[in-house]
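Reader: I have the sequence and the model open side by side, and I would like to go through them with you one question at a time.

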Amino acid sequence: MKKFDIRNIKIRKVKVDEIDDRMLLINLYATQVLTLIIGIIWLLFQHQNLLAVMAPPRSLDAVWWGLGLAAAVVAIDLLISRWVPEDASDDGGVNDRIFRSRAVWHIAVISLVVAICEELLFRGAIQHAIGPYWTSIVFAAIHVRYLRHWIPTGLVFSISYGLGFIYEESGTLWAPIIAHFAIDFIMGLIIRFRRES
């Protein structure tokens, strides 16, 4: 049996085209599991009740807040993509690789997993500690692939701030979860079906 030596591990920058589909999905789901674990631990350190944070909304206001923000974001994104050159909003091809050949059900699953995990951490835990503005800066910084261009960085910051706003206005984490899911799902479908035609 070969002995494992940690000194032999090499770290290098990898382009998205160098990763096969299976490894891309493993990385996607692994980062979301890590995000969820960090979010839960952070909530526990803040002495927040996870069940209270994830409690279903008492009214449909959360749905309207979430869908309203999602509609605004998708409309703005479509306007930007119509007039701004593609290379100015390039994310390195990550979104294209994630969504272009996925089945619709899988786009929905990815969107739901990402929405729940990221909103639990960012809105449920981080925003509780440092507020929506600083949370949005952290959220934009975490989405490293957008940092090369100011337009997508500004968009990610603005979307995050909007998610934080609707969280505070609705009083439930489900409003930003619904918005995040709808944004990712609709944009994933646009990428999926735009690439087919």
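Reader: Which residues does Gln48 touch, not counting residues up to four places away in sequence?
Author: This is a predicted model, and in this model Gln48 sits in the loop between helix H1 (21–45) and H2. The C-alpha atoms of Gln48 and Gly124 are separated by 9.2 Å, although these positions lie 76 residues apart along the chain. Once residues up to four places away in sequence are set aside, the residues touched by Gln48 are Leu43, Val53, Gly124, Ala125 and His128.

Reader: Is Gln48 buried or exposed?
Author: The cut-off for a buried residue is a relative accessible area under 20%. Because the relative accessible area of Gln48 is 15%, Gln48 falls under that cut-off and is buried.

Reader: His47 is in the loop between H1 and H2; is His47 buried or exposed?
Author: His47 comes just after H1 and takes a positive phi of about 60 degrees, a positive value in a residue other than glycine. A residue counts as exposed over 50% relative accessible area. Since His47 has 75% relative accessibility, His47 is exposed.

Reader: Which elements are included in what covers the buried residues of H1?
Author: H1 has 25 residues and reaches 36 Å from its first C-alpha to its last, close to the 36 Å expected at 1.5 Å a residue. Its buried residues are Leu24, Leu25, Leu28, Gln32, Thr35, Gly39 and Leu43. An α-helix has 3.6 residues a turn, so residues three or four places apart point the same way. The cover over the buried residues of H1 includes H2, helix H4 (94–99) and helix H5 (104–142).

Reader: Which residues is Gln127 in contact with, leaving aside its neighbours within four places in sequence?
Author: Gln127 belongs to helix H5, and because its relative accessible area is 6%, Gln127 is buried. With neighbours within four places in sequence left aside, the contacts of Gln127 are Phe122, Pro132, Thr135, Gly164, Tyr167 and Glu168.

Reader: What distance should the 21 residues of H6 span at 1.5 Å a residue?
Author: The buried residues of H6 are Ile151, Pro152, Leu155, Val156, Ile159, Ser160, Gly162, Leu163, Gly164, Ile166 and Tyr167. H6 is followed by Gly171, which has a positive phi near 80 degrees. The end C-alpha atoms of H6 agree with the span expected for its 21 residues, which is 30 Å.

Reader: Which residues does Leu69 touch, not counting residues up to four places away in sequence?
Author: Leu69 is found in helix H3, and because its relative accessibility is 17%, Leu69 counts as buried. Leu69 and Ile178 are 109 residues apart in sequence, yet their C-alpha atoms are 9.4 Å apart in space. Not counting residues up to four places away in sequence, Leu69 touches Gly162, Leu163, Ile166 and Ala179.

Reader: Which residues of H3 are buried?
Author: H3 has 23 residues, and the distance from its first C-alpha to its last is 33 Å, close to the 33 Å expected at 1.5 Å a residue. The buried residues in H3 are Ala62, Gly66, Leu69, Ala70, Val73 and Val74.

Reader: Which residues lie nearest the centre of the second largest pocket?
Author: The second largest pocket has a volume of about 220 Å³. Helix H2 (50–53), helix H3 (61–83) and helix H6 (150–170) each supply at least two residues of its lining. Of the 14 residues that line the second largest pocket, those nearest its centre are Ala55, Pro56, Pro57, Gly171 and Thr172.

Reader: How do the residues of the lining of the second largest pocket divide?
Author: The lining of the second largest pocket consists of 14 residues. By class, these residues divide into eight nonpolar, four polar and two charged.

Reader: Among contacts in the protein between residues at least 6 apart in sequence, what percentage join residues at least 24 apart?
Author: The protein has seven helices and zero strands, and buried residues make up 39% of its 197 residues. The protein exposes about 12200 Å², of which carbon and sulfur atoms supply 67%. Among contacts between residues at least 6 apart in sequence, the share that joins residues at least 24 apart is 80%.

Terms used. Residues numbered from 1 in each chain as written. Predicted model: local features only at pLDDT ≥ 70, side-chain atom pairs only at ≥ 80, totals over all residues. Heavy atoms only, no water. 1 Å grid on protein atoms, 1.4 Å probe; cavity = no way out; pocket = protein on both sides within 12 Å on 5 of 7 lines; lining within 4 Å. Points joined across faces, edges and corners; volume = space filled by probe spheres on them. Helix = DSSP H or I, 4+ residues; strand = E, 2+ residues; numbered from the N terminus. Nonpolar A, V, L, I, M, F, W, Y, C, P; charged D, E, K, R; others polar. Buried < 20%, exposed > 50% of the residue type's maximum accessible area, 1.4 Å probe, protein only. Contact = heavy atoms within 4.5 Å. Areas by Shrake-Rupley, 256 points an atom, 1.4 Å probe, with all protein chains shown as cover. Expected span 1.5 Å × (residues − 1).
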